[in-house]
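Please look through the structure shown here alongside the paragraphs that follow, which begin with confidence and then turn to one strand and one interface.

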Protein chains: 4
Amino acid sequence: MKTGAEYVNSLKDLKPRIFLGGRQVDLLENPTTMTVVRANAKVYDLAHEPEFADVMTADSPYIGRKVNRNLHIARNTGDLERRADMAILTAQKLGTCNYRCVGADVLNALASVTWELERDTGTPYHQRFVKYLTYLQENDLAVSGAVTDAKGDRSKRPPQQEEPDVHVRVVDRTSEGIVVRGAKVSQSGAIAAHETVVIPGMAMRPGEEDFAVAFAFPNGAPGVTYVCQYSPFTAEREVMPEKYLGNPLYGVRETSMIVFDNVFVPWERVFLCGEVRHTGTLISRFAKIHRMNCGGACKVGFADLVIGAAQLAAEYTGVDKVPHIVDKITEMICLSETCHACAIAAAVKGREEPPGSGVYLPDDVFGNVAKLNVAHGFWEIMKWAGDIAGGLVVTMPSEKELENPESGPLVRKFFGTAVVAEKRLRLAKFLQNWTAGLHGPGTWHGAGSPQAQRMALYRLTDLEAKKRLARELAGLE
Amino acid sequence: MKTGAEYVNSLKDLKPRIFLGGRQVDLLENPTTMTVVRANAKVYDLAHEPEFADVMTADSPYIGRKVNRNLHIARNTGDLERRADMAILTAQKLGTCNYRCVGADVLNALASVTWELERDTGTPYHQRFVKYLTYLQENDLAVSGAVTDAKGDRSKRPPQQEEPDVHVRVVDRTSEGIVVRGAKVSQSGAIAAHETVVIPGMAMRPGEEDFAVAFAFPNGAPGVTYVCQYSPFTAEREVMPEKYLGNPLYGVRETSMIVFDNVFVPWERVFLCGEVRHTGTLISRFAKIHRMNCGGACKVGFADLVIGAAQLAAEYTGVDKVPHIVDKITEMICLSETCHACAIAAAVKGREEPPGSGVYLPDDVFGNVAKLNVAHGFWEIMKWAGDIAGGLVVTMPSEKELENPESGPLVRKFFGTAVVAEKRLRLAKFLQNWTAGLHGPGTWHGAGSPQAQRMALYRLTDLEAKKRLARELAGLE
Amino acid sequence: MKTGAEYVNSLKDLKPRIFLGGRQVDLLENPTTMTVVRANAKVYDLAHEPEFADVMTADSPYIGRKVNRNLHIARNTGDLERRADMAILTAQKLGTCNYRCVGADVLNALASVTWELERDTGTPYHQRFVKYLTYLQENDLAVSGAVTDAKGDRSKRPPQQEEPDVHVRVVDRTSEGIVVRGAKVSQSGAIAAHETVVIPGMAMRPGEEDFAVAFAFPNGAPGVTYVCQYSPFTAEREVMPEKYLGNPLYGVRETSMIVFDNVFVPWERVFLCGEVRHTGTLISRFAKIHRMNCGGACKVGFADLVIGAAQLAAEYTGVDKVPHIVDKITEMICLSETCHACAIAAAVKGREEPPGSGVYLPDDVFGNVAKLNVAHGFWEIMKWAGDIAGGLVVTMPSEKELENPESGPLVRKFFGTAVVAEKRLRLAKFLQNWTAGLHGPGTWHGAGSPQAQRMALYRLTDLEAKKRLARELAGLE
Amino acid sequence: MKTGAEYVNSLKDLKPRIFLGGRQVDLLENPTTMTVVRANAKVYDLAHEPEFADVMTADSPYIGRKVNRNLHIARNTGDLERRADMAILTAQKLGTCNYRCVGADVLNALASVTWELERDTGTPYHQRFVKYLTYLQENDLAVSGAVTDAKGDRSKRPPQQEEPDVHVRVVDRTSEGIVVRGAKVSQSGAIAAHETVVIPGMAMRPGEEDFAVAFAFPNGAPGVTYVCQYSPFTAEREVMPEKYLGNPLYGVRETSMIVFDNVFVPWERVFLCGEVRHTGTLISRFAKIHRMNCGGACKVGFADLVIGAAQLAAEYTGVDKVPHIVDKITEMICLSETCHACAIAAAVKGREEPPGSGVYLPDDVFGNVAKLNVAHGFWEIMKWAGDIAGGLVVTMPSEKELENPESGPLVRKFFGTAVVAEKRLRLAKFLQNWTAGLHGPGTWHGAGSPQAQRMALYRLTDLEAKKRLARELAGLE
């Protein structure tokens with residue numbers, strides 16, 4: 001398995017075409033894209049730390065040795081539990097995305113669906129997939145996953161859109177492969193991955209075969225362009241030294257739009273092509289995996305950071321024993337551990353899907369419930385942490401002020417209570433990153449918007465069984 | 001294992017002294033006390049149904065054969081999962097207490113603590129306990145558990161109370177046994193149990209040795225009196241035919257105050273006596289078991305009934321496809337499955353406590369979180385079910401009106417839409433029982449009031465670890 | 001103006017046909033119907049107390065002297081404020097319905113709509129109304145209002161129902177008057193009123209003229225039958241002495257279904273007949289008045305009782321200074337005063353409607369918001385009061401137990417802490433009435449279910465204006 | 001009254017010493033400080049628009065002509081209503097602070113307290129105040145208010161702090177005036193005001209006379225330094241053209257720390273000095289005014305913008321008729337109008353305080369409730385707006401990308417649905433400003449943290465009266 005340094009080194013050969021803030025940028029030079037590189041490097045390094053070996057690595061039956069868990073296909077419920085643990089651990093250590101997370105979940109969904117596809121259609125999708133997976137594991141590659149299409153007018157199906165490219169689609173098929181066009185948006189981490197795996201963003205219907213396509217491509221493939229998100233946090237990283245920022249090393253979650261302009265994909269990298277019937281299965285299997293990890297687990301790691309920081313902030317101003325502060329800390333713990341419980345339940349109630357495939361997927365109900373709880377819960381956690389952090393989290397001056405011979409002593413004097421001003425400002429900046437930034441709506445929409453989980457939950461519930469129970473007791477049978 | 005009928009038959013020998021609504025009543029004659037008897041009989045019968053065998057029974061190492069799970073000591077996390085499943089199943093089938101539930105959880109807590117006590121003190125508490133448990137299992141006895149003292153002035157410790165009997169206490173010790181006085185309140189099911197096991201309601205301190213006592217007594221023991229709860233639902237059961245009531249067979253949860261007036265308990269039924277240091281352990285182990293079962297599991301079974309009934313109510317008035325109704329059903333499912341997830345997490349993260357004892361207890365954090373979620377969640381579920389059920393749930397006439405030749409046809413005419421009036425009224429009455437009755441505060445306080453869980457949760461959390469994570473990322477190390 | 005005693009005396013001439021619990025009952029004999037009589041008598045008496053004169057009475061321009069505010073038509077926003085104050089005051093003093101409240105609000109809505117009807121159609125509806133109102137005021141009569149139809153299948157319009165009588169309708173028109181059939185449900189107070197005013201329960205459309213009817217009838221009119229609600233609280237009042245009940249004198253809100261079996265109504269009591277276009281106006285004007293009073297005001301008076309009782313309960317067990325108790329009391333105050341503020345805003349932002357009519361109606365937006373806040377808020381208040389009251393609120397024995405020479409001393413001993421057992425049980429019973437009974441769904445559906453308020457609120461909001469503001473600032477103009 | 005242009009012109013004479021991001025900056029050159037200048041100019045201009053004359057201006061009895069309402073002392077409840085209306089209007093028009101708001105509320109509090117001080121002590125504080133106010137009104141000056149001290153260790157009183165300057169204090173008194181030291185933090189708008197009025201941040205006690213000081217100083221006074229807040233939004237404004245920002249003209253709320261380094265204040269500008277007994281009165285009167293305006297009113301104007309923008313966002317993607325979107329828009333309206341109602345109630349229930357002073361102050365209970373509702377409500381509004389806005393609100397590229405010949409066409413193609421990409425990005429950026437930025441904790445802590453309002457609410461409530469009501473009904477008298 002690669003170390004972080006080896007991973008960074010390996011990026012030098014890639015030449016991704018990346019735009020950010022209106023300019024083309026170099027992945028390894030731009031301060032914002034570098035946060036993604038650094039986060040990935042840390043994930044590579046964590047796999048080498050003995051205390052995390054159980055969580056970060058797994059034994060691969062494909063190559064017969066240890067692999068990074070981000071490339072592992074779950075073979076039992078224990079694997080699912082460790083997968084959720086990895087989401088918590090990387091969140092705790094990065095304070096931002098494990099940018100290989102979506103890729104890992106897409107690979108697991110494809111492991112299950114390509115097995116079914118090959119069984120049902122005879123096309124050797126699963127053989128291709130296994131070969132590709134073996135290649136990834138042997139080289140310990142960073143893989144990202146791309147799901148969400150640009151979508152356009154949401155009241156229209158893909159073929160009815162004025163601009164057909166708003167959903168990724170196949171525009172040509174040859175004996176060597178396919179040619180794709182379109183764009184995926186809100187994609188985390190592709191700019192710094194070795195490979196990206198693309199799946200449809202929704203269930204397709206007959207007549208929408210061109211939009212039913214799953215494939216992989218290497219970073220730097222001809223025709224691929226990345227246009228990065230740009231937020232106030234991007235701007236601040238451009239003008240301020242890293243150490244004065246909220247999450248100095250890893251920043252906020254960075255995403256990009258990936259544009260495909262007639263990108264050629266050889267057949268050995270095509271894992272679904274035209275089988276509309278299986279697209280619903282694929283997206284819903286991906287969703288159930290990702291909702292466990294992104295909803296129930298990753299954000300629990302984030303919550304640990306926020307709770308820890310809020311507790312520190314309370315200690316810095318001497319209010320940590322005040323009953324209402326204790327109560328708010330408790331509330332945050334309760335919200336976080338509720339999501340944690342949902343992730344655990346999703347994992348331990350997981351099943352082999354389809355039977356015979358050897359692939360284990362988490363339970364759907366609990367995965368959806370995990371995400372729903374975290375969507376609301378994270379806003380609550382932000383609220384309570386913001387309460388404890390105080391107005392400073394919004395009105396603080398820059399720590400850079402401390403460098404100025406005139407304003408520095410003033411800031412030092414008036415913010416240097418209980419702890420030195422550097423500490424107090426640094427902690428406030430860290431909490432600003434969590435409570436006054438992108439995390440609310442980011443957490444809300446990550447792994448799908450809550451309305452999608454609500455619809456899934458209603459659909460998954462056996463209301464007839466519950467009605468029978470009620471009728472029996474009420475004397476209505 | 002006994003059948004329900006055998007259980008009822010066995011009650012004839014007991015002569016409990018029971019008061020209810022100001023009069024002494026006969027356990028097997030009073031319509032309210034009979035709901036408890038019937039519920040117990042159903043739990044006995046469920047253990048004989050093959051489809052529930054896995055949930056309702058377990059293999060006992062003590063007597064070498066199958067026992068009712070209510071008498072089983074958990075020996076692994078699978079047992080804990082099945083224990084929670086039993087809570088869900090009995091709740092679904094009874095719509096009220098499994099009145100052996102607290103007893104089961106007290107027995108498990110005692111299995112753990114007596115092992116520790118015997119190891120630490122040399123007194124053969126665990127040997128006594130095992131002998132007692134064997135007796136229970138061999139005779140498949142119904143055991144209830146009594147925990148909550150009358151308490152008195154809550155700002156004072158037990159020895160400072162004006163009336164020392166407000167906490168159960170030892171008033172005499174002889175070579176044969178002890179003599180106890182006092183009262184336990186809010187106790188579920190003792191009136192119809194064969195045996196009741198009593199533990200302290202709180203952690204005792206040095207100087208409070210008399211109040212540190214755990215023991216068992218048979219129903220009908222001299223000096224024991226039960227004073228039952230009396231609610232509007234009790235009254236309605238006295239004056240209305242059973243079939244016109246909300247939960248016709250099993251009613252609402254019935255409790256009593258158990259008064260001990262110099263009750264003699266032989267040493268073989270005394271499981272803790274004076275060891276104040278172990279009382280905190282005992283009550284907190286009981287709490288963690290019971291919060292999983294009562295908080296995370298039992299109420300999930302109740303929620304199934306409420307959701308099923310609400311869905312039926314929506315169908316009866318033709319509104320079940322209306323978006324806001326679907327949304328409310330979904331919300332109830334989400335609340336319920338959240339608690340369910342917490343119970344599962346509590347079970348699978350359970351541990352052997354103390355190591356070497358062979359006894360498995362659920363995880364504390366998730367047990368407490370389960371209870372906190374259900375405390376708030378059940379009020380929400382009541383709210384949404386009440387919304388769907390409509391004003392009828394409050395303003396409905398009695399179904400008995402249908403018997404009246406004058407008013408009957410009127411009620412039949414105006415409530416007989418979509419389904420006949422009997423069905424509509426019966427369902428409304430069932431939902432009245434859930435949404436306009438005792439369940440809100442009952443669920444809130446069962447297994448301890450939420451403030452107790454909040455304090456436990458704060459205490460159980462390693463805030464130092466979270467602070468370290470935050471400091472590391474914020475650049476504060 | 002009548003005294004309470006004069007009111008009770010005046011009832012002796014009425015002979016309402018009332019069924020309750022399957023039997024015909026006498027209004028002045030049945031313990032449950034008597035709670036309604038007593039509540040009305042108290043409202044009559046309050047109008048004679050000098051300290052409440054400003055709230056309970058008003059100067060009538062129709063008869064040139066003071067009238068009970070329940071018969072007053074609001075002539076300015078001050079009247080609207082006092083009307084809301086009356087709702088708070090009667091709620092505080094009764095702990096149940098002011099049973100003349102709906103009648104008062106229906107009269108005000110009719111004052112406005114009949115003026116408009118007469119202006120638009122020439123039919124002397126307003127002259128009739130004024131004559132009727134003068135009659136009511138001169139005799140200080142108790143008037144109830146009936147709005148909600150039995151409805152049947154909610155996916156069908158009135159003429160499509162299998163049973164056409166599920167909405168009240170005109171079945172004959174003669175030169176003397178009209179003949180009506182049908183049923184109103186969930187009606188508060190008609191059994192003990194002198195008169196009841198009936199309006200359509202929804203906006204009618206062309207083709208539904210028979211269902212567009214508003215009229216008044218005297219209690220005891222031939223063809224009218226009342227079928228009362230029957231709840232566990234009704235049963236308890238049948239079997240227990242009044243003093244042992246939760247709200248001894250006034251009980252819970254009692255409603256009935258009013259059945260009209262070819263009831264003749266003379267034209268001078270018909271206030272709308274066939275003008276479908278005005279039915280929407282009528283019901284929405286009634287709604288906005290009643291949502292202010294029932295939503296924002298009445299429940300604030302209830303909340304005062306619940307908060308006061310919860311505070312007492314905390315003092316009885318010595319926990320009133322504990323931070324989390326203080327916090328919960330504060331939360332209840334905040335919820336209640338929020339609704340209070342909405343009622344005040346609805347009143348002071350009221351307007352003359354239609355201009356020229358002299359009738360003032362509250363603001364729609366704030367009336368709806370008041371009701372929405374109270375619907376959710378009252379469940380929360382019940383939750384927190386139940387928390388403070390403790391398990392006792394559910395598991396308490398009857399106070400009647402104290403009469404029993406055997407169980408009485410036991411109850412007295414174990415519940416007699418801080419205050420004597422009578423007090424503690426009486427307070428717990430009072431809180432049981434609030435937190436473990438009919439108030440949650442009752443408050444939810446009173447004045448219309450929240451979904452109706454939500455739809456009204458959306459419809460009432462000028463989203464275009466808000467969009468313009470956003471566009472202007474965002475640089476989108 | 002000045003126009004906006006005249007105001008800007010008048011600033012050229014001031015020479016405030018301002019630091020921002022570690023550098024000294026010129027008020028009229030820095031893009032961030034200029035947002036404050038622009039906002040103030042707009043508030044000056046609004047007073048000249050006839051349609052807003054009633055809201056933005058008032059007749060001053062001091063100078064006998066119209067003044068900007070920001071300099072008006074409320075003389076009746078109508079003035080209080082208009083004051084709240086002004087807060088809504090300026091919020092709608094600026095999307096950020098009316099930076100004269102705190103100043104207006106401090107002036108009103110001082111009008112009341114100096115009258116009382118002069119009456120009680122004989123010191124001509126009120127005469128001074130009136131003279132100062134006359135000067136402000138005659139010159140139509142922009143006045144800001146400074147309240148919050150740096151505070152230091154919150155478990156210690158001001159004199160016990162290690163660094164005594166963490167609370168503003170008097171260090172010298174001469175016949176001409178006083179000399180002050182210390183710092184006020186989280187101060188809005190002082191950098192661009194002509195004058196700032198300073199009051200104590202808390203109630204002082206005997207022995208803390210040096211900290212009991214209220215005074216005014218002109219911008220640019222010797223010894224005064226401003227250190228501005230610096231957030232990611234500040235950084236973005238430094239590097240991006242204004243039109244690509246979320247609230248292009250007015251930005252986010254900007255605050256500064258004001259440091260006083262031996263600043264001399266002549267007696268005619270000192271309004272309280274040493275009278276510790278009146279400091280509690282002063283801060284609590286200020287709080288009740290400001291909680292109405294900042295809590296109940298200003299944020300209602302913000303909510304209008306957010307709701308309008310969310311509705312536009314829904315229309316841009318064709319989902320505005322989807323039931324769950326309609327439901328979320330409704331929820332936001334309900335939250336906002338609830339706060340609005342509280343502000344109205346606070347205004348109309350206002351009273352002359354102290355009697356005889358001629359100064360009207362809002363009601364305390366409703367002011368506190370307004371703030372509590374908005375604190376929680378604004379987080380909810382952010383949540384729902386973020387839901388409707390979609391992931392784009394976090395993951396959007398910069399609109400500047402459209403200028404780039406390579407990436408521009410890609411962004412234009414994939415975000416140009418329903419409306420052109422410029423519009424869609426501009427709206428998303430506007431919503432990013434609201435839902436993914438400083439507004440959550442900013443709104444929470446503005447006008448005091450919610451815990452302060454909770455304590456005030458509990459203290460203001462007459463629990464004895466509520467207990468009496470409960471006792472009377474429960475039969476406990």
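What pLDDT does chain A average, and what percentage of the residues score at least 70? This is a predicted model, and chain A averages a pLDDT of 97, with 100% of the residues scoring at least 70. The model as a whole scores ipTM 0.96 and pTM 0.97.

A useful place to enter the fold is strand E10 of chain B, which covers residues 224-228. Because four of its five residues are buried, a residue counting as buried when 20 or more other C-beta atoms lie within 10 Å of its own, strand E10 of chain B is largely enclosed by the rest of the structure. Strand E1 of chain B (residues 18-20) is joined to E10(B) by two bridges, and these strands run parallel; strand E11 of chain B (residues 255-266) pairs with E10(B) in the antiparallel sense, over five bridges. B:Tyr226 takes part in both pairings, being the bridge partner of B:Ile18 of chain B and also having B:Ile258 in E11(B) as a bridge partner.

The contact between chains D and A can be followed next. Here 71 residues of chain D are in contact with 72 residues of chain A. On the chain D side, the elements that each supply at least two residues include strands E7 (177-188), E10 (224-228) and E11 (255-266), together with helices such as H7 (232-239) and H10 (364-389). Sorted by class, the side of chain D that touches chain A has 31 nonpolar, 27 polar and 13 charged residues.

How values were computed:
Residues numbered from 1 in each chain as written. Chains lettered and ligands numbered in written order. Predicted model: local features only at pLDDT ≥ 70, side-chain atom pairs only at ≥ 80, totals over all residues. Buried ≥ 20, exposed ≤ 12 C-beta atoms within 10 Å, placed from the backbone. Pairing = 2+ DSSP bridges. pLDDT = per-residue confidence, 0-100. Contact = placed C-beta atoms within 7 Å. Nonpolar A, V, L, I, M, F, W, Y, C, P; charged D, E, K, R; others polar.
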